[in-house]
Amino acid sequence: MSDLFASSEASTSTTSSLFDASPFESVPTFADVEPGEHQRWTTWPAITPTERGPLPWPEWVVTSAGALDTELGILKTGKEADVFLLERAVPDDPEQRTLLAAKRYRDTDHSSFHRSGVYTEGRTTRNTRDARALAKKSGHGRAVAALQWSFAEFDALSRMWELGAPVPYPVQVNGTELLMEFIGDSSGVAAPRLAAVRSDPVELAGLYDQIVDLMRIFAAAGFAHGDLSAYNLLVHEGRVRVIDLPQIVDIIANPQGLDLLHRDCVNICDWFARRRVECDAEELFAEMLAASYA
């Protein structure tokens, strides 16, 4: 036994004498800068693989641990969350820069969204402690509710992205913050909502067809958006993108799923009909039902 240790010690001594540590004398750092006002180090390295968007990641996604997140302003305030414009970039590397939409959910004490129960019917919570807290509406339960909304939207975006629906790419979810693809131009100007678009009936008819296509993708997967309107559809470079998916509903598991699907159809057709685009809510609903049972 002693000979074995003696041999090992001799080997270690020999290796140490031959090993040149000079290349490792200077310890590398993430960057020669520190986060400034409205900045933080990227949160990408701190999250688990399941909290990152579906593979393959788009080329524009910045995964470097040396990147900084810089908050550039607010894009939208909502009933349950606010959306901010965020730049994720590696200092002095213009090739690693992207703009993101950061959606931050508020707990129920600070949210004006009071119809959440309509959308969450049929959903389950695996953690029994969380389920009890949600039922009691305790402080922990309110925090869990906010987390559920952010993860529900991340999961919905991930699934719909993989199915080819025109949704923003979900980059990551971290607690109550969801980071996703920014729909707009490189200077940070967001794409307009459909409600703000002024087009002739021919162009609007083309947009309507795109919306029917995206609704069909949802329905074929067994889902309805649940709150679809001209205010959560963006038009960017002639293409429609659908946003605000935390309330996405399973039209079978949710007892009100078919009613919510029907309401989506009515909302869309009412808006387009007022702009002289020929459409029928009941025909659209029938088409979505057929897609869901195909």
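Here are three short exercises on the predicted model shown above.

**Exercise 1. The overall build**

Work out how many helices and strands the protein has, and what share of its residues is buried.

*Solution.* Start with the secondary structure: the protein has 7 helices and 10 strands. Next, turn to burial: of the 294 residues, 43% are buried. Then look at the contacts with a separation of 6 or more: 65% of them join residues 24 or more positions apart. Finish with the outside, where the accessible surface is about 16,200 Å² and carbon and sulfur atoms hold 54% of that area.

**Exercise 2. A nonpolar patch**

Find the residues that form a nonpolar patch on the surface, then place I252 in the chain.

*Solution.* The patch consists of I252, L258 and Y293, and together they have about 330 Å² of accessible area. Now follow the chain to I252: this residue sits in the loop that runs between β10 (249-250) and α6 (257-273). Last, check its exposure: I252 has a relative accessible area of 58%, so it counts as exposed.

**Exercise 3. Counting disulfides**

Decide how many disulfides the structure holds, and explain the result for C265 and C269.

*Solution.* The cut-off comes first: two cysteine sulfur atoms must lie within 2.5 Å to count as a disulfide. For C265, the closest cysteine sulfur is that of C269, at 6.7 Å, which is too far for a bond. For C269, the closest cysteine sulfur belongs to C279, at 3.7 Å, again too far for a bond. The count for the structure is 0 disulfides. As for their surroundings, C265 is buried at 0% relative accessible area, and C269 is buried at 3%.

Methods: Residues numbered from 1 in each chain as written. Predicted model: local features only at pLDDT ≥ 70, side-chain atom pairs only at ≥ 80, totals over all residues. Heavy atoms only, no water. Helix = DSSP H or I, 4+ residues; strand = E, 2+ residues; numbered from the N terminus. Buried < 20%, exposed > 50% of the residue type's maximum accessible area, 1.4 Å probe, protein only. Contact = heavy atoms within 4.5 Å. Areas by Shrake-Rupley, 256 points an atom, 1.4 Å probe, with all protein chains shown as cover. Patch = residues over 30% accessible without salt bridge, like charges linked within 9 Å, V, L, I, M, F, W, Y side chains within 5 Å. Salt bridge = Lys/Arg side-chain N within 4 Å of Asp/Glu carboxyl O.
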